[in-house]
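Please review the following briefing alongside the sequence and the model. It begins with strand pairing and then turns to other topics.

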Amino acid sequence: MHIEPAILPYLADLEGAVANLADTWRPDDPAYRADVYRQTMASLSYSYFMYFHADAEHPDWAPLWNPVYTLQPNPDDIYTQSPIRGDLTYRVSGNRGTCRILSFTTQAALSGTVDAMPRPNGHNECDTNDLGIALGEDFSIIFSAERPAGYAGHWAPIDRSARGMFTRFRMYDWEREVDPVLSIECLDPVPPKPRLAPEEILGRIGEMAKLPRRKTDLYYPMQNGVKERVGFNVFEPVRYPGALVKQTYWPACFQLEDDEALIIETEIPARAPYWNVQLNDPYFNALEYVYRLSSTNGAMARLSSDGKFRAVIALTDPGVPNWLDPAGYNEGGIYGRWYDCDSEPVPTITRVKLADLRSHLPEDTPVVTPAERSEEIRRRVAACQRRRRW
C-alpha cells in the first residue's frame, strides 16, 4: 500500500472541528478560535486511547473524561472506557472502593466515534448500589447478552449492538472517599492481541482526526439549544438519552459582567442521595476544577440557615460560601444534577451588582476570608490530585 511521506494529510479531518467554530456563540472572536484549537488538541490526544489502546477482544480501561479531558465531565466523576462487543462475555472485577456511585454504561457507540449516535443506542446501565455491592467490597460482575446458564452471581445485560463500556467513579467527599480498583477481561476464547497492519494504523489515525469534530457535533448543540430556547440565566431541566436513568440535569447558560454576580438558589430535596452543580465554558468543557472552585456538590456545599442552597458566580471572590468561579469567562454553561431524588426543584438565577450582593443574601450569610478561601482551594487541589485519573 502507498503511505504518504508526511503525517499531516492523515490529520486533514481536524479542520472539521475548526469549522465548527461557526456553531459557537462568537465565531469571529479570536479568543473563541484559540479555545476551539485547544479543545481540538485535547480531543485528538484522547482519541489515541480510543483507537489504539485496546480492542473488544482485548479490553482494558482507558481515560474517558477527567480534569484533562474536559468535554464534558462531571467534576465529581472519573470516567474510564473500554471497547467491548455485544456478542462476547466480559468479567469486571475488583474492589468497589467507597465512592458514592460506581456505574457501568454500555452502548452501541461512544461519543465521538460515529458521525451520528445510533438510535436505538443499545443503552444499558447498572451500578453497584443496584447490585447490592457494599462499600469497600470485592466483587465480580459478568456482562453478556444472556445470563450464563447456571450462573448465580452478579450479572448485567449488554445489548448485542454494544461496542463500548464506560464507568463513572462518582465521589462526593473528594478528601475521604476511595476510588474503585477494576479490571475487565473477555471470557471468550480469543487470539493474542495482534500487531496492527499498516492500513489498520492509517485508518485509525484517520478516525482519530475525525473525533474532535464528531465530539463538537454532538455537544455544541446541547448547550446552544438551551441558549436558543430559554436564553441566559434560566434553568431548563432535562433528561438525556444515554445518561443515567435516575438523573435529571438542570442546565443553563450564564452571562454576567465583571462587576456583576449571579445568585443560584434552590430548595434541596428531602431525599437527595447526590446532587451537584458545575460551570462549563461556552464550548461545553468543564471549567478548570482542580485549582478553581468551579463546582460544588451536596457534601461540599454549605446550606443557608433556611435550608436552601445558594451559590454565587462571580469573576472575583465574593467572600461568601459556595463561590462558583467562572475562571475568567463572562459567559458559559451551568450544569446541575439531581440523582435519584424524591423531588426535582428548578433553581433560579438572580443577576445583581457585585457591590450589592449581600443585600440579596440572607443576613446571616457568613464571611469567607481570603485565608479561608486559600485553604479551601489548597484542600481541593490535594483531594483532586489524589484521585485516580488515568
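In this predicted model, Arg91 stands opposite Ile142 in strand E6; strands, like helices, are DSSP runs numbered from the N terminus, with at least two residues for a strand (E) and at least four for a helix (H or I). The strands concerned are E3 (residues 90-95) and E6 (residues 138-144), which run antiparallel and are joined by six bridges. Two strands count as paired if DSSP finds at least two bridges between them.

Because the model is predicted, local features need pLDDT of at least 70 and side-chain atom pairs count only at pLDDT 80 or more, while totals for chains, interfaces and linings use all residues. Residues are numbered from 1 along each chain as its sequence is written, and side-chain values use heavy atoms, with hydrogens and water left out.

**The four-stranded sheet**

- Strands of a sheet pair through backbone hydrogen bonds, in either a parallel or an antiparallel sense.
- E3 is also joined by six bridges to strand E9 (residues 181-186), and these two strands run antiparallel; here Asn95 stands opposite Val181.
- E6 and E7 are parallel partners over four bridges, and Ser144 stands opposite Pro157 in E7.
- The resulting open sheet has four strands in the order E7-E6-E3-E9, with mixed pairing.
- Its edge strands are E7 (154-157) and E9, each of which pairs on one side only.
- From one strand to the next the twist averages 25°, where axes are lines fitted to C-alpha atoms (for helices over the stretch in contact) and angles run from 0 to 180 degrees between N-to-C directions.

**Overall dimensions and composition**

- The protein contains five helices and 17 strands.
- The radius of gyration is 22 Å, which agrees with the value near 21 Å for a compact globule of 390 residues; it is taken over C-alpha atoms, and the globule rule is 2.2 Å times the number of residues to the power 0.38.
- The C-alpha trace spans about 70 × 55 × 35 Å along its principal axes.
- Of the 390 residues, 52% count as buried (under 20% relative accessible area, with exposed over 50% and partly exposed in between; 1.4 Å probe, protein chains only).
- Among contacts with a separation of 6 or more, 75% are between residues 24 or more positions apart; a contact means heavy atoms within 4.5 Å.
- The protein exposes about 17000 Å², of which carbon and sulfur atoms supply 53%; accessible areas come from the Shrake-Rupley method with a 1.4 Å probe, and for residues only the protein chains shown count as cover.

**Aromatic pairs**

- The count comes to 19 aromatic pairs, where rings of Phe, Tyr and Trp (its six-membered ring) pair if their centres lie within 6.5 Å, and planes under 30 degrees apart count as stacked, over 60 as edge-to-face and the rest as tilted.
- Trp174 and Tyr289 form an edge-to-face pair, because their ring centres are 6.5 Å apart and their planes stand at 65°.
- This pair links distant parts of the chain, 115 residues apart: Trp174 is in the loop between E8 (164-170) and E9, and Tyr289 is in the loop between E12 (274-280) and E13 (295-297).
- Both Trp174 and Tyr289 are buried.
- Tyr219 and Phe284 form a stacked pair, with 5.4 Å between centres and 25° between planes.
- Tyr219 belongs to helix H4 (residues 198-230) and Phe284 to the loop between E12 and E13, 65 residues apart; both residues are buried.
- Ring pairs also join Tyr219, Tyr240, Tyr249, Phe284 and Tyr335 into a cluster.

**Arg170**

- Arg170 lies in strand E8 and counts as buried, at 0% relative accessibility.
- Outside the residues up to four places away in sequence, the contacts of Arg170 include Asp76, Asp77, Glu177, Arg337 and Tyr339.

**Backbone features**

- Most residues other than glycine have a negative phi, and most peptide bonds are trans.
- Leu71 and Gln72 are joined by a cis peptide bond with omega of about -5°; Gln72 is in the loop between E1 (62-63) and E2 (77-83).
- The bond from Arg119 to Pro120 is cis, with omega near 0°, and Pro120 is in the loop between E4 (101-107) and E5 (124-127).
- Asn233, in the loop between H4 and E10 (247-255), has a positive phi of about 60° and is buried at 11% relative accessible area.
- Asn322, in the loop between E14 (309-313) and E15 (323-324), has a positive phi of about 60° and counts as buried at 10% relative accessibility.
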